[in-house]
Amino acid sequence: MKYILSFLSLCFSLVVYAQDYKVSLIPDSLKENASVVQRFEEERVVIKSIDKAIITHKCAVTILNEAGDRYSTFEIEYNKLRTLNFVVGRLFDADGKQLKKVKEKEMADQSEAAWFEFVSDSRKKTYSFYHKSYPYTVEFESEIELHGIYHLTEWRPMSFSGDYSVQQSRFVVEAPSDYNLRYKQFNYPTQPVITTSGSTSTYYWEVFNQPVFKNELWQPSAEEYMTSVVIAPTKFSVGGYTGDMSTWDGLGKFQLTLNKGRNELPDNIKQEIHKLADKLTTKQEKVEALYNYLQLNTRYISIQLGIGGWQPFEAKFVAEKKYGDCKALSNYMVSILKEAGIDANYVIIKAGSHIKQGLWKDFPAPYFNHIICCVPDKDTIWLECTSQTESPGYMGTFTGNRNALIVTENGGVVAHTPVYSANDNKTITNVSANIAEDGTLIADVNTIYSGIAQEYPHNLYHGNTQKERDEYYNHKYNLPTYKVENISYKETKGKIPLMDEYLSITSSGYASITGKRLFVLPNLFSKIDKLPTDKPRKFDILIDESHTAIDTITLTIPKGFKLESTPKNVVLNNKFGFYSIEYNVKENIITTIRTHIENENRFPASDYLELAKFYDQMYKADRAKMVFVKSE
Amino acid sequence: MLITQFTRKLFSLTTIYFMVTCASGQNQYITTPASISEKDFKVSSPVVDSNANAVVLVDLAVVDFEGNDFANVTMVLTHTERILIRNRNAFEAATIKIPIKTGEYESNTETFEDLEATTYNLEENGTIKTSKLNKSELFEEKVGKYLTVKKFTFPDVKEGSILEYKYTVRSPYWDQLYGWRFQGRYPVLWGQYQITIPPMFDYLNTKKGYVKFAIDSIYKEHRSYTVSFPSGGQKTHEGDAVVGIWAVKDCPAFKTEPYTSSPSNYLCEINFFLNEVHWSSDQIRKYVKPWKEIVDDQLKRPTYSDLTESNNWLNSDLKKIEGTTTDEEQVVRKVYNYVRDNFANKKGKTIMPSQPLKKTFQSKEGNVADINLLFTAMLRKIGIDADPVMLGTRENGKVHTSTPLMREYNYLVVRVKLKDKTILLDASQNMLGFGVLPEDCLNGSGRVLNSELPETVPMSADSVTEKSSTLILLYDDSIEGLSGTCTKYFGNYESFNLRKTLTGQGKEKYISYISKSYPSDIEINNIAIDSEKLYDEPLGIRYDMQWKMGDDETLYLNPVFNEGIKKNPFVASERHYPVEMPYKKDNLFVLNMDIPKGYKVDELPKSLKAKLNENDGIFEYLCHSDGTTIQLRCHLVFKKATFPSDDYKTLREFYDMIAKKEAEQIVLKKIK
């Protein structure tokens, strides 16, 4: 398991205006497919100085039906570095008449961390209007004050939710004219309107009438098709530290100042490090031994207080308490490696399996939510320090294949984390099975998972008890009544880790017997689903993971049956991938070999139907049945 | 394992004055746990196997009372727990969270004192290294207005560490005396709870669970308590205090099985309910009173008392709702629909109203009690005989029907008496059908809040049947194969849940789920949903089916299509508690199909009838062909919802048989 730090929170905030929320003013085009129509939004960032800003946010949405009720809930996070000046909520009926006004006092005040994360000074105010007379409109308005500027804010006026349209949304940034505000915009057709009065410059972005956005399977990252604007300072100051983030180098240097003097290790730890590492010869061996030492001796506990959201605890704190968050543990790992004479760096990264882009190289800003450690080399070794079980060097779906910021002794450098190919991510399954007279299947299954494919079994193996694994497997398969037993694993650590899994399955009624016939589905496990084709495809198709699956299944059926019908062998080879399934029946032994290879790739939307056809062919081939008749 | 909620149930109910001592000789009561030695790091116990990520070595709680300066007594809990962390998956057990009640004054605030926490690690050389928690590492977070969480995490924790902590809480809330849960997610080698109840108090005590106590003893001891008055002066209360000691030895970890009403019904636990307080012989207060008095008191509480007011502010709206309808039941339905559709239940399940009825009516929101009391008032206003009924939900645990323990009640519905029938209604759940109670309410019975006759009304899962029916018609269309329709009607609960799903995730997702549930040669079109907004009607779904059969020599078809039971829900081979289904079932599936032209039946699944026990369930699978058509009737009936654990194996086999039968296929051959 890995953990993310929580300092990246979307900033919701606003300004006072009298709006007309009559439902009759909503254009029909915005009601199509919508449960919610955003009527008005203004996010206003007023930058007062290098370390002071006020963010006001006002947003009103009209809820058309029950499905939209979840948008009548408001949430705003605050802490010592972002204090909440005020928040107010209002409820309006279909005619735009105000029914209710809710002040801060009436809102629930929750600690984010109370029962979950260990310690945090972040709290949130929340309120829900669960009104029942549709349509109705809710408006929330808030003001946040930033004490110190580091991560500013982002404007994302559109929603992924599939039932949300936008009538209007505006982003306004006011800054001193000499502030050097930087911004990056996505899918915004023009440049912002910039006006200057006195010593203040004001930037405006605004969108109108955005219909409901429908998601598609395997669509590219949001920035390719949705409007958004990211802003960032040039020179900034937070928690008594200052920096300049106009370059990645500068952002890295700022982190260096935060980390300064936090690498010192107590003597007993130094001795342990030397005892472990000095006898080893290669760098690789030393890194592995010391990473293992970290994993055995520490655990993850999150502590986020004030500037502590960005600054690691000192290495000697971790050495004593044996716990820390991603920052503290990564900083500790860097310190350990340095003590052993190995150059290592603190790395800032955006973690998460859905992240397709870690950072935009041309726009340095703190997009990040996680810290890892790396040992720079021709073939850099990357280390996830919050996990007690991960292989040294493996990043996987959580932190692999993206740009990250390495904090070197001289400043920040952008580097790409490892990419995993179809040859790395493999699922190789070998099944040897027997079908008894009554249709009962007894199968011995061995699967070797590698790379990304081993992440699930890895977590199952390390994070669960034998009993929990039994339970998981006894629910996993789509078989009538079955029992999975003798589950065991063999793990091989490495840059491409392997999990070797053994299990045996007994499934009564696997082969169905109707009178004199025996129906057998020779492809036991790997089954592809169809792709939906009911709507025309709009976006490019982005296959973001490569994978190889090979299943070899040997099935022995009871003697005295003869083959009545057998599915045809199928070989499909096209730009989307390779698929083949072939059957070989020798007396009462059926051998089935199924292969499927898919590569990370991008295809135009016009290819979609062809891709769906490919999936349909695989769907059918995967489920083809063999029929045997009892010999007279 | 400290319990702060007391709304749980039990199997036995005794007053604590009853004296029993049945401690067996070898199970010695512990005052202080022995100091940690090397052998503690290697436990061996019948309840510890490779699945135990941690083991509670000792869990000791002592509850005592002492006089305070507010003319009262304070309850003092001292808790000591020692846990062995066997592997990293139990690291979360190294972070301790203790809830503390806070109030505006010192006299209603709990205090947290004397925390000591130490990690013990066995070093390679056999010595034991200790690491103590610093005072600065105790954090506190305000969770709500009256609740604070104290938390800390142990230093220097590794696989194999032993963690020990001890603290004291002083609490003025003796009306919610600490109960104890002996069982949890980790096995407990020794768990012990001791209480000394002052002579001024009397509590009812309840025990539950299947674990036997190793010590179960109660005796009397002379004690005195001196309380001070804020105005000066003191008073001493003395007499026979009741000392109770309960302990468990080798208590297994608890595991929840499917179809369990609430795990809290089966965990090993002891609870206390305040029965009586007598500060002096002329100053006695009863808490557990006869039902009639309890109901009277409840009806005099705020908002409940609104029911007896004239409530004339309802008049004009009621007129509009009633319209010209005169039929009694129709009027009730109209008022029910109005309340159900226009009021938002946003404050949850409770019998405690949060505001006056008028406020609920105006704001159109409230909790379950607010909304159903308003509904009662509206019905009474138009002359309908309506009473609130309180109950405990399944999730909340079973209730003692004979003893009024108000903490066991957390839900309110309404009983309406019409000329010819009695109906139970819940107007607080959006989309719920008329006369249907939520699944969670089917927990045995409810208590009518009527001063004259505070009777019970049955609300049992064994009294409700969930009926569904599916009809598939397939005709030879002489073009591509067979085409036809599927019509399905859901039961009340499935309808209610499906309506919620349709609203929540949208119709599209559900429709694509249906299409996907058929094999690829069967095409599904024109899916329509019936009665989606007619909440009193069963939800229906209809669609067209087209079986493109091509020109194969042999055709195979599973005649129950996607309706069959594909998986046995009872995975575990053994069960320790009863199987509690939410309701009885009656599922009917009927297929009528033409045999496609040019084909003849080669094989049909054999018809079968099976019974579960004597008459607890029936499964019928009748398949028949007359040469041109095929008929199938598949009927599954459960006449009981609750099955004792002894029936588990039979039930599991019954499901097994159904899954196999419903996997069978029809075989058609081309006529040569």
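Entry 1, helices 3 and 5 of chain B. I take axes as lines fitted to C-alpha atoms, for helices over the stretch in contact, with angles running from 0 to 180 degrees between N-to-C directions. The model I am reading is predicted. On that basis I looked up helix 3 (residues 328-342) of chain B against helix 5 of chain B: the two pack at an angle of about 150°, and their axes are 10 Å apart. Angles over 145 degrees count as roughly antiparallel, so helix 3 of chain B is roughly antiparallel to helix 5 of chain B. I noted the crossing of helix 3 of chain B with helix 5 of chain B as right-handed.

I then listed the residues in this contact. Helix 3 of chain B brings B:Val332, B:Val335 and B:Val339, which meet B:Ile371, B:Leu374, B:Phe375, B:Met378 and B:Leu379 of helix 5 of chain B. By class I have eight nonpolar residues here, no polar and no charged ones.

Entry 2, B:Gly383. Where does B:Gly383 sit in chain B? I found B:Gly383 in the loop between helix 5 (368-381) and strand 20 (385-391) of chain B. Is B:Gly383 buried or exposed? B:Gly383 has 9 C-beta neighbours inside 10 Å, and the cut-off for exposed is 12 or fewer, so I entered B:Gly383 as exposed. I also checked B:Gly383 against B:Glu328: the pair is 55 residues apart in sequence, and the C-alpha to C-alpha distance is 9.4 Å.

Entry 3, helices 4 and 6 of chain A. I looked up helix 4 (residues 283-297) of chain A with helix 6 (residues 326-339) of chain A and found a packing angle of about 140°, with the axes 10 Å apart. I therefore entered helix 4 of chain A and helix 6 of chain A as oblique to each other. The crossing of these two helices of chain A is right-handed. From helix 4 of chain A I noted A:Val287, A:Leu290 and A:Leu294, which meet A:Tyr332, A:Met333, A:Ile336 and A:Leu337 in helix 6 of chain A. The class count for this contact is seven nonpolar residues, no polar and no charged.

Entry 4, chain A against chain B. How many residues of each chain are in contact with the other? I have 45 residues of chain A in contact with 46 residues of chain B. On the chain A side, the elements that each supply at least two residues are helix 5 (315-321), helix 9 (466-476), strand 30 (512-514), strand 31 (517-520), strand 34 (561-565) and helix 10 (608-622). Helix 9 of chain A gives the largest share of that side, four residues. I sorted the side of chain A that touches chain B by class: 14 nonpolar, 18 polar and 13 charged residues.

Entry 5, whole chains. For chain A I recorded 10 helices and 39 strands. The C-alpha atoms of chain A fill a box of roughly 100 × 75 × 45 Å along the principal axes. Of the 632 residues of chain A, 42% count as buried. For chain B I recorded eight helices and 37 strands. The C-alpha box of chain B is roughly 105 × 80 × 45 Å along the principal axes. Buried residues make up 37% of the 672 residues in chain B.

Entry 6, confidence in chain A. I read a mean pLDDT of 91 for chain A, with 96% of its residues at 70 or more. Over residues 1-17 of chain A, pLDDT stays under 50, and the model has 57 contacts beyond four places in sequence for this stretch.

Methods
Residues numbered from 1 in each chain as written. Chains lettered and ligands numbered in written order. Predicted model: local features only at pLDDT ≥ 70, side-chain atom pairs only at ≥ 80, totals over all residues. Buried ≥ 20, exposed ≤ 12 C-beta atoms within 10 Å, placed from the backbone. Contact = placed C-beta atoms within 7 Å. Nonpolar A, V, L, I, M, F, W, Y, C, P; charged D, E, K, R; others polar. pLDDT = per-residue confidence, 0-100. Parallel < 35°, antiparallel > 145°, perpendicular 65-115°, else oblique. Left-handed = near helix turned anticlockwise from the far one by under 90°.
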